[in-house]
Amino acid sequence: MQNMDNVFIFDHPLIQHKVSLLRDKNTSSKEFRELVSEVAVLMGYEVTRDLPLMDIEVETPLAVAKTKVIAGKKLAVVPILRAGLGMADGFLKLVPMARVGHIGIYRDHETLEPIEYYCKLPSDIDERDVVLVDPMLATGGSASGAVNFLKKRNVKNIKFMCLIASQEGIRRLHNDHPDVAIYCAAVDEKLNEHGYIVPGLGDAGDRLFGTK
């Protein structure tokens, strides 16, 4: 995994292979959903690497083992609706004890700026570390807006996890929120005139849910 100024780019062969399948326009919605979930599990392994541990003793069939467990760290995964739902499902397979919040944002097609239409978070969100998920980091507007919404609710530790990012999106999120670590599986070269990542993988929400 490459680390560049709080931006982590995954180079694991399994992740790269699955992202290639996600890009393929012939991949069905069923396969697409499965792949998004699988990549989220693989990425979540690294995103949770810094979870604190505590020592415990466990009685095995043979003896008492001195071992470690996660030290009660409170986590929440917050998908940006609607495409982020596919990644949240995968992350929860890895960390089933995490709470789930939802932030609904749509992008104004004229200004490309984010507009919030829904926000439902755990009541103790200010006590939790948050992993914010969305398959695409395109202009960076929606991600930056979602981070703003979380910070207004006193969330202190936020990580952003996506499948594909643009250089522009990384710059926007990093400039607006340099304290937020960005995790992505690929960085693409540009955005088109409609703000979509090129070559990208198309509209992640449409491909997840079979809509147009």
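Buried means under 20% relative accessible area, exposed means over 50%, and partly exposed lies in between. The exercises below concern a predicted model.

**Exercise 1.** Determine which class, buried or exposed, applies to cysteine 184, and classify cysteine 119 in turn.

*Solution.* Step 1: cysteine 184 has a relative accessibility of 0%, and therefore counts as buried. Step 2: the relative accessible area of cysteine 119 is 23%, so this residue is partly exposed.

**Exercise 2.** Establish how many disulfides a search of the whole structure finds, and explain why the sulfur of cysteine 184 has no bond to that of cysteine 162.

*Solution.* Step 1: the search returns zero disulfides. Step 2: cysteine 119 takes part in none, the nearest cysteine sulfur being that of cysteine 162, 20 Å away. Step 3: for cysteine 184, the closest cysteine sulfur belongs to cysteine 162 at 4.9 Å, which is too far for a bond, because the two sulfur atoms of a disulfide must lie within 2.5 Å.

**Exercise 3.** Describe how helix α2 and helix α3 cross, and state which residues meet.

*Solution.* Step 1: the axes of α2 (residues 29-47) and α3 (residues 84-94) come within 7 Å and cross at roughly 50 degrees. Step 2: α2 is therefore oblique to α3. Step 3: the crossing of α2 past α3 is right-handed. Step 4: α2 contributes Val36, Ser37, Ala40, Val41, Gly44 and Tyr45, which meet Gly86, Met87, Asp89, Gly90, Phe91, Lys93 and Leu94 of α3. Step 5: the residues of this contact comprise seven nonpolar, four polar and two charged.

Methods
Residues are numbered from 1 along each chain as its sequence is written. This is a predicted model: local features need pLDDT of at least 70, side-chain atom pairs count only at pLDDT 80 or more; totals for chains, interfaces and linings use all residues. Side-chain values use heavy atoms; hydrogens and water are left out. Buried means under 20% relative accessible area, exposed over 50%, partly exposed in between (1.4 Å probe, protein chains only). Axes are lines fitted to C-alpha atoms, for helices over the stretch in contact, and angles run from 0 to 180 degrees between N-to-C directions. Helices (H or I, at least four residues) and strands (E, at least two) are DSSP runs, numbered from the N terminus. Angles under 35 degrees count as roughly parallel, over 145 as roughly antiparallel, 65 to 115 as roughly perpendicular and the rest as oblique. A crossing is left-handed if the near helix is turned anticlockwise from the far one by less than a right angle, and right-handed if clockwise. Contact means heavy atoms within 4.5 Å. Ala, Val, Leu, Ile, Met, Phe, Trp, Tyr, Cys and Pro count as nonpolar, Asp, Glu, Lys and Arg as charged, and the others, Gly among them, as polar.
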